[in-house]
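Trainee: I would like to go through this protein step by step, with a question for each step. Could we begin once the structure is in view?

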Amino acid sequence: MGAHLRRNTHLGRLRLGHLAERLDALLSEAARTEPTYLDFLDALLREEIGAKQKKRVSMGITIAHFPAVKTLEDFDFKAQPSVDSKLVRELATGRFIAQTENVLLFGPPGVGKTHLAIGLGRAAVEAGHSVLFTSATALLAALAKAESEGALKDKLNYFAKPKLLIIDELGYLPFEKRSAHLFFQLVARRYEKGSLLITTNQLVGQWGGVFGDDVLAAAILDRLLHHSHTVLIQGDSYRLRQKRKAGLLGRSAPPGNDG
């Protein structure tokens, strides 16, 4: 077996696939720059670690099922000055997940709650945490279907497993009584074991109406708010703002449900 083939075989057994592809180029570069052995070894390791990190993040983002590509860098904090950008940057470190704390994003439709949720979710993946994104409607439909099929325990385990579960658009539709109890079971299952990030257009005082039961709403909020961070967004919908700029709406047009 030739040295080149033997080298690639060894790298393959060590699962250093990226290094096997890049080694010839790195050797050529080393011949030109003549680094020390230690610097050359450091360059090899950095190449492989960087490739593995990129692959891990890509896989984590795929598993998370984000509905769109949104990042915190793209969020227009100047357009929404009510957002505490310092708090958002702190949340982006992922420390709240390590401490099993929750995040609640409050605000009317269209102000960027989902954008922030996806951006924080992507940051969490990059920090090494498992993430799953779901709308509140899809979550409750999945739990109800699992219950009817006798598989509720498995589905609760599925939603309890990620270190961060993002639930988008809670409160846009009121819960039926059974759905509210299923949601409580999930919150209780994750309590102090995993973090929740929830976006909602309903302030805490309105959650009794969302869940159709003040006592149940209080029990859910007790667990969500025990270790939590809240972000309150106050302002116009981005989409309505763009329509006004384009002259499609009058200045006094009612906000309505603009996403």
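Trainee: At which residue does helix α2 bend?

Mentor: In this predicted model, helix α2 covers residues 17–33, and its 17 residues reach 24 Å from the first C-alpha to the last, close to the 24 Å expected at 1.5 Å a residue. The helix nevertheless has a bend of about 50°, and the residue where α2 bends is leucine 23.

Trainee: Which residues of α2 are buried?

Mentor: A residue counts as buried when its relative accessible area is under 20%. In α2 this group includes the residue at the bend, leucine 23. The complete set of buried residues in α2 is Leu19, Leu23, Leu26 and Ala30.

Trainee: Which residue follows α2, and what is the sign of its phi?

Mentor: Helix α2 ends at residue 33. The residue that follows has a phi near 50°, which is positive, and that residue is glutamate 34.

Trainee: What is the order of the strands in the open sheet?

Mentor: Strands of a sheet pair through backbone hydrogen bonds, either parallel or antiparallel. Here the sheet is open, has five strands and shows parallel pairing. Strands β2 (131–135) and β5 (228–232) pair on one side only and are therefore the edge strands, as two strands count as paired if at least two bridges are found between them. Read across the sheet, the order is β2-β3-β4-β1-β5.

Trainee: How many bridges join β2 and β3?

Mentor: Strand β3 spans residues 164–170 and pairs with β2 in the parallel sense. Within this part of the sheet, threonine 134 stands opposite isoleucine 167 in β3. The number of bridges between β2 and β3 is five.

Trainee: Which strands does helix α6 touch?

Mentor: Helix α6, made of residues 113–126, packs on the sheet, and its direction makes about 160° with that of β2. Another helix, α11 (residues 214–226), lies across β1, β4 and β5 and runs at about 110° to β1. The strands that α6 touches are β1, β2, β3 and β4.

Trainee: Is phenylalanine 133 buried or exposed?

Mentor: Phenylalanine 133 lies in strand β2, and it touches several residues beyond its sequence neighbours, among them Phe66, Thr114, Ile118 and Ile166. The C-alpha atoms of phenylalanine 133 and isoleucine 118 are separated by 8.0 Å, although these residues are 15 residues apart along the chain. Because its relative accessibility is 9%, phenylalanine 133 counts as buried.

Trainee: What share of the protein's residues count as buried?

Mentor: The protein has 12 helices and five strands. Of its 259 residues, the share that count as buried is 39%.

Conventions: Residues numbered from 1 in each chain as written. Predicted model: local features only at pLDDT ≥ 70, side-chain atom pairs only at ≥ 80, totals over all residues. Heavy atoms only, no water. Helix = DSSP H or I, 4+ residues; strand = E, 2+ residues; numbered from the N terminus. Contact = heavy atoms within 4.5 Å. Axes fitted to C-alpha atoms, helices over the stretch in contact; angles between N-to-C directions. Buried < 20%, exposed > 50% of the residue type's maximum accessible area, 1.4 Å probe, protein only. Expected span 1.5 Å × (residues − 1). Bend = angle between axes of the 7 residues up to and from the residue. Lists of a residue's contacts leave out its neighbours within four places in sequence.
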